[in-house]
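This report walks through a sheet, its enclosed spaces and its cysteines. Please keep the sequence and the structure in view while reading.

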Amino acid sequence: MPNSETVKKALDKQAAYGKDLDLQHYEERADEQITVDDLQKSDYRKYMENVGIIADEIDRSGTLMFIDNKPSHCTPNVQEGLELMSTSEALKKYNGLKDHFWKAMDPTKDKYTAKTYLEDSDGYFVRVKSGYHIKNPLQTCMLLDKDKSIQNLHNIIIVEDNASLEMLTGCSTAHHADDALHVGVSEIYLGDNSNLTFSMIHSWGKQTGVRPRTSCMVGKNSNYTNNYVILNPVGSLQSFPVATLGDNSSATYNTMCIAHESSDIDTGGMVNLNGRKSKAEIMSRSISTGGKMCARGRMVGNAPEAKGHLECRSIILKDGGTTLAIPELEAHIADVEMTHEAAVGKVAREQIEYLMSRGLSEDEAVSMIVKGFLSGGNINGLPAQLQDELNDAIAKANLGD
């Protein structure tokens, strides 16, 4: 790891993509610990359930919740083979997590990672031991509760050899904390012959800044699926997770976004195809209802017999909105196969008129078509239960906002 003086120099380093946010704008420290013993009786329950977090924890292997910068709830008893605790606890238990702490992510990447590093930020730690397959999805919840504050979290997920996990992360902003910033640094490590489905459903505020930073190291013969969904208004969001693949491993990115009026969204993903016969797929579906939407995808072919495909599809519903698709393919070896396609369009008038002839109003017809576009069939790799919850979130999405 670099020393603190080196990282301090990165506090002024703008991110490669997205709007530059002034960290000085967020003045409030948010270090008060708010304990939530019973999720079902919590005042935060409505925010949790809006992003797929189940308060009664039925059909969940466990829950870890952070409110601002402190852990608020952690399921005490989880399935054998699964560990769930705060990162600070894991550092003590595992003598500094020498093989995983700031190993996948460079703290000098930009001002957001630098601030998280320098503040020695806490977060969640998830570990699946070798040989264990966790039956039910694990859920984590990140909530912003203090206005003008920064939530800096450093999360570590480890799925060891011959193990598997399905994970849902729901992130939200309390109404009174709309003008706040979320920075979540996540380091993910998959061993050999392992599987991880990492699904994020987010609901922020109209002024909220969101800067997640995720890097995943994938072992041999392993599969990583990253699903990202944001259907509600957000101030400024920029996300570009990176996966690095070993031999015969795969990564799939699925992104669904609605850029509401005044929202500025820049999202996508990158995959380094570093292993022989590694494979990747990056899929994006987005809608602008007056906001700015940028969908990025980047693949780098570095190993023989690597294959990858990028696909970006977008609809503009209102003039004044913008959408930009940026697919990038880079190869450093002859024996690779990578393709991409991008499409920007509008809702077909004949579809609207057909639904109106069946008794729907024009607004109802457009809403139905758009929700069908977002659903677009099941997301590859998303567990059936989480797919049902995602479809429910899409059905409830307010497309007229």
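## Basis of the description

Two strands are taken to pair if DSSP finds at least two bridges between them. The model discussed here is a predicted one, and in general the strands of a sheet pair through backbone hydrogen bonds, in either a parallel or an antiparallel sense.

## The sheet and its order

An open sheet is formed by 10 strands, whose order is 2-1-5-7-9-12-15-17-19-21, and the pairing within this sheet is mixed. Strand 2 (70–74) and strand 21 (336–345) are the edge strands, each of them pairing on one side only. From one strand to the next, the twist averages 10°.

## Strands 7, 9, 12 and 15

Within that order, strand 7 (residues 164–173) and strand 9 run parallel and are joined by 9 bridges. A reader who wishes to locate this pairing can begin at Ser-164, whose bridge partner in strand 9 is Asn-195. Strand 9 itself spans residues 195–203 and is mostly covered, with 8 of its 9 residues buried.

Strand 9 is also joined to strand 12 (residues 223–230), again in parallel, by 8 bridges, and here Phe-198 has Asn-226 of strand 12 as its bridge partner. Strand 12 in turn pairs with strand 15 (residues 250–260) in the parallel sense over 8 bridges, where Ile-230 stands opposite Cys-257 of strand 15.

## Cavities

How many cavities of 30 Å³ or more does the structure hold? There are 4 of them, and the largest has a volume of about 120 Å³. This largest cavity is lined by 14 residues, of which Asn-155, Thr-169, His-182, Gly-184 and Ser-186 lie nearest its centre. Strand 6 (150–159), strand 7, strand 8 (181–190) and strand 9 each supply at least two residues of that lining, so the paired strands 7 and 9 both take part in it. By class, the lining has 7 nonpolar and 7 polar residues, with no charged residues.

The second largest cavity has a volume of about 80 Å³. It is lined by 13 residues, and those closest to its centre are Met-200, Asn-226, Tyr-228, Ser-239 and Pro-241; Asn-226 is the residue already met as the bridge partner of Phe-198. At least two lining residues come from each of strand 11 (213–218), strand 12, strand 15 and strand 16 (264–273). By class, this lining has 6 nonpolar, 6 polar and 1 charged residues.

## Cysteines

A disulfide is a covalent bond between the sulfur atoms of two cysteines, and a search of the whole structure finds 0 disulfides. Why is Cys-141 without a bond to the closest cysteine sulfur? That sulfur, in Cys-171, is 7.0 Å from the sulfur of Cys-141, which is too far for a bond, given that a disulfide is counted for sulfur atoms within 2.5 Å. Cys-141 counts as buried because its relative accessibility is 1%, the cut-off for a buried residue being under 20%.

Cys-294 is likewise in no disulfide, and the nearest cysteine sulfur, that of Cys-312, is 8.9 Å away. With a relative accessibility of 8%, Cys-294 also counts as buried.

Conventions. Residues numbered from 1 in each chain as written. Predicted model: local features only at pLDDT ≥ 70, side-chain atom pairs only at ≥ 80, totals over all residues. Heavy atoms only, no water. Buried < 20%, exposed > 50% of the residue type's maximum accessible area, 1.4 Å probe, protein only. Helix = DSSP H or I, 4+ residues; strand = E, 2+ residues; numbered from the N terminus. Axes fitted to C-alpha atoms, helices over the stretch in contact; angles between N-to-C directions. 1 Å grid on protein atoms, 1.4 Å probe; cavity = no way out; pocket = protein on both sides within 12 Å on 5 of 7 lines; lining within 4 Å. Points joined across faces, edges and corners; volume = space filled by probe spheres on them. Nonpolar A, V, L, I, M, F, W, Y, C, P; charged D, E, K, R; others polar.
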